[in-house]
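Subject: Structure for you to look at

Dear colleague,

I am handing over the structure below, together with its sequence. Please have it open while you read the notes that follow.

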Amino acid sequence: MRKTTWIRQHLAALRALLVLAVITGIVYPVAVFGVAQLPGLHDKANGSLIEQDGRIVGSSLIGQAFTDGNGNALAQYFQSRPSSSGKGDGYDPTSTSFTNLGPESIVDTLAENPDDAKQSLLTQVCARSKAVGEREGVDGRRPFCTKSGVGAVLSVLGPQDDRGRVTHPTAVISVDEACPATPFLDTYEGVRVECARVGADYSAGLIVPVRGDAPSAPAVPADAVVTSASGLDPDISPEYAAIQAPRIAKARNISEADVRAAVDAHTQGRDLGFLGEPRVDVLELNLELDRRYPVTG
């Protein structure tokens, strides 16, 4: 290859590089930014930020916790759904995550060191339902949950038939209730139920969830006890908002009708009439209540 040909090829490549760099690195981003600033797109493109008294207090697209320094729910505010993003109260936009636990996660990992212990999805749901029920003054019971707020799950030990059924139980352990807890059942098939000893392995037994006498339709809705996939969901269901309304009314010294009217004003229906579920934006609702019914004292 002649030297002049080699130079021409490299100059052509350099020109192509510069042209593409300008198009993809300058022209295209500026064009996208300009379109995003058009009316109707501006707020969403800039993060749907919400201002109050001249300062940014959050985004309508990202949930946040409404708790005190100890993680306790503030009585005057609607509470968001649980979050597993980040530590503490969750809702850390720099650490979006989910629990990666499914319906088969029903046995806790018990350990002397709290850092080594791990709650199953069932126990997380049971504990949250119990806490929400106590806070809102509703029935927090759920199927397959104990009164103490852990999974009602037994490990039944003994000889098994070819279908995996225990024919003659020799021991029954409440695997999510660590000793010295009193098991939620006294006996199972005539065998005394024992609490679970930390470090013991009960996986050889037949795992049996016990439904209990909880109503089939719990008073505490699902979004109050499970996290969203992103951990940053800004919305709750109208059902969850409804059971919180009496607490909000009492804390703000207003009528429940006033609270329900505010909830209705911030409730969005299904997208296009059939996609998703009705939802309530918690941050916008709480800000509206602060503007109209501020808490004094």
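Which residue in strand 10 does D235 stand opposite? D235 stands opposite D281. Before going further, please note that this is a predicted model, in which local features need pLDDT of at least 70 and side-chain atom pairs count only at pLDDT 80 or more, while totals for chains, interfaces and linings use all residues. Residues are numbered from 1 along each chain as its sequence is written, and side-chain values use heavy atoms, with hydrogens and water left out.

The chain as a whole

The secondary structure of the protein chain comes to six helices and 10 strands; helices (H or I, at least four residues) and strands (E, at least two) are DSSP runs, numbered from the N terminus. The protein chain has a radius of gyration of 27 Å, whereas a compact globule of 297 residues would have one near 19 Å (the radius is taken over C-alpha atoms, and the globule rule is 2.2 Å times the number of residues to the power 0.38). Along its principal axes, the C-alpha trace spans about 95 × 70 × 40 Å. Buried residues make up 36% of the 297 residues, where buried means under 20% relative accessible area, exposed over 50%, and partly exposed in between, with a 1.4 Å probe and protein chains only.

The two sheets

The pair D235 and D281 belongs to the contact between strand 8 and strand 10 (residues 279–281), which run antiparallel and are joined by two bridges. These strands are part of an open sheet of three strands, in the order 8-10-9 and with antiparallel pairing, where two strands pair if DSSP finds at least two bridges between them. Its edge strands, each pairing on one side only, are strand 8 (235–236) and strand 9 (267–268).

Another open sheet has five strands in the order 5-6-4-3-7, with mixed pairing, and its edge strands are strand 5 (187–188) and strand 7 (206–209). Within this sheet, strand 4 (residues 171–178) and strand 6 (residues 191–196) run parallel and are joined by four bridges, and the bridge partner of S174 in strand 6 is C195.

Helices and the nonpolar core

Helix 6 (residues 282–292) lies across strand 8 and strand 10, running at about 55° to strand 10; axes are lines fitted to C-alpha atoms, for helices over the stretch in contact, and angles run from 0 to 180 degrees between N-to-C directions. The largest nonpolar core has 29 residues, and those with the most contacts inside it are F78, V259, V263, L285 and L289. Such a core is a set of buried Ala, Val, Leu, Ile, Met, Phe, Trp, Tyr and Cys residues joined through side-chain atoms within 4.5 Å. Helix 3 (121–136), helix 4 (238–252), helix 5 (256–265) and helix 6 are the elements that give two or more residues to this core, and helix 4 gives the most, with six residues. Leaving aside its neighbours within four places in sequence, V259 is in contact (heavy atoms within 4.5 Å) with F78, A245, I248, A249 and I254.

Backbone details

Most residues other than glycine have a negative phi, and most peptide bonds are trans. In the loop between strand 5 and strand 6, E189 has a positive phi of about 50°, and E189 is exposed, with a relative accessible area of 55%. A cis peptide bond, with omega about 15°, joins C179 and P180.

With kind regards
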